[in-house]
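Here is a short report on one protein chain. Please look at the fold first, then read on.

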Amino acid sequence: MNAVAGPGICAGRVVIVTGAGRGLGRAHARAYAAEGARVVVNDLGVGPDGSGASGGPAREVVEEIRAAGGEAVAQGGDVATSEGAASLVQAALETYGRLDTLVNNAGFLRDRMLVNLDEDAWDAVVRVHLKGHFLPLKHAAAHWRAESKAGRVPHACVVNTSSGAGLSGSVGQANYSAAKAGILGLTLVASAELAAYGVRVNAIAPAARTRMTEETFAGTMAAPEDGGFDAMAPENVSPLVVWLGSESSAGVTGRVFEAEAGRITVMEGWRPGPTADKGARWSAAEAGETALKLLSRAEAPQAVYGAR
């Protein structure tokens with residue numbers, strides 16, 4: 001991380017990053033600090049499957065930020081509990097007196113093929129990803145609504161973390177894909193509901209080398225041996241996340257971006273394709289014949305990750 005130099009596009013802002021002890025979250029926290037933000041580094045320090053806990057990773061990131069001249073504080077609340085999510089927002093307010101940006105990033109994997117996926121693995125992954133987005137968002141939004149009603153309309157931002165698995169599905173990751181798709185729906189609703197309070201909500205679908213991807217997609221995630229551009233470095237995603245969490249992105253809300261290597265893509269989501277209207281009820285045979293005709297004119301769906 002470069003030393004903090006100049007005001008940066010997030011100077012004076014207070015930013016929460018969940019799951020910031022490693023991987024993408026760590027890169028985001030450091031990047032925000034480098035742009036002048038004061039950062040609440042949230043992490044439970046769990047393993048890749050959510051087991052165990054340690055305050056070490058969050059403290060290490062805080063030490064890195066402070067060593068580079070930035071401001072940060074570690075926070076260990078469980079974002080998938082109401083108490084933990086509330087404590088996260090309270091930490092920002094008590095430490096820095098304000099909250100401007102929330103980056104929801106925490107998560108882990110418990111991959112299984114669908115027929116082998118048990119309820120515990122389903123519940124754990126949906127809990128940390130989807131509920132772990134909803135609760136911090138809810139508590140941050142309540143604060144910003146109160147500020148708005150008191151006449152202090154914030155310039156607040158939320159950046160949610162989805163995935164290509166949420167956009168297109170991923171073989172062996174039904175729980176993760178469902179949770180990440182749910183985050184996209186949450187983003188759209190929150191952007192509409194919170195606009196009146198001065199809050200913008202967007203989502204990213206990043207591709208980068210983290211503990212969750214470096215084994216599953218080892219062939220495509222490895223760092224180059226020749227010292228060339230490391231396309232899968234998590235730091236490649238952070239500039240977009242920082243911009244989305246700054247005042248520079250005013251007017252941008254309800255959007256989903258793919259971010260990978262040096263590429264940024266605006267995702268356009270579900271849109272009506274070929275359609276037919278009989279003006280009356282179809283028979284089953286007619287409906288099937290019509291559906292096949294429409295499919296022949298429609299674009300093919302994106303390939304499911306991992307499909308052969």
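The side chains of His129 and Lys180 are joined by a polar contact of 3.2 Å. His129 sits in helix H4, which spans residues 119–149. Its relative accessible area is 0%, so His129 counts as buried. The model is a predicted one.

**Overall make-up**

The chain contains nine helices and eight strands. It has 308 residues, and 45% of them count as buried. The accessible surface of the chain is about 15,200 Å². Carbon and sulfur atoms account for 53% of that surface. Take the contacts between residues at least 6 apart in sequence: 71% of them join residues at least 24 apart.

**The sheet**

How are the eight strands of the open sheet ordered? The order is S3-S2-S1-S4-S5-S6-S7-S8, and the pairing is mixed. Strand S3 (71–75) and strand S8 (263–267) form the edges, each pairing on one side only. From one strand to the next, the twist averages 20°.

At the S8 edge, strand S7 (residues 256–260) runs antiparallel to S8. Five bridges join S7 and S8. Glu260 stands opposite Arg263, a residue of S8.

**Helices on the sheet**

Helix H1 (residues 23–34) packs on the sheet. It touches strand S1 (14–17), strand S2 (38–42), strand S4 (101–103), strand S5 (156–161) and strand S6 (199–207). The direction of H1 makes about 170° with that of S1. Helix H2 (residues 56–67) lies across S2 and S3. H2 runs at about 175° to S3.

**Cysteines**

How many disulfides does the structure hold? The count is zero. A disulfide is a covalent bond between the sulfur atoms of two cysteines. The cut-off applied here is 2.5 Å between the sulfur atoms. The table sets out Cys10 and Cys157.

| Cysteine | Closest cysteine sulfur | Sulfur distance | Relative accessibility |
|---|---|---|---|
| Cys10 | Cys157 | 8.1 Å | 0% |
| Cys157 | Cys10 | 8.1 Å | 0% |

Why does Cys10 form no disulfide? The closest cysteine sulfur, in Cys157, is 8.1 Å away, so it is too far for a bond. For Cys157, the closest cysteine sulfur is that of Cys10, again too far at 8.1 Å. Cys10 is buried, at 0% relative accessibility. Cys157 is buried too, also at 0%.

Notes: Residues numbered from 1 in each chain as written. Predicted model: local features only at pLDDT ≥ 70, side-chain atom pairs only at ≥ 80, totals over all residues. Heavy atoms only, no water. Buried < 20%, exposed > 50% of the residue type's maximum accessible area, 1.4 Å probe, protein only. Pairing = 2+ DSSP bridges. Helix = DSSP H or I, 4+ residues; strand = E, 2+ residues; numbered from the N terminus. Axes fitted to C-alpha atoms, helices over the stretch in contact; angles between N-to-C directions. Contact = heavy atoms within 4.5 Å. Polar contact = N/O pair within 3.5 Å; in protein donor to acceptor, adjacent residues only side chain to side chain. Areas by Shrake-Rupley, 256 points an atom, 1.4 Å probe, with all protein chains shown as cover.
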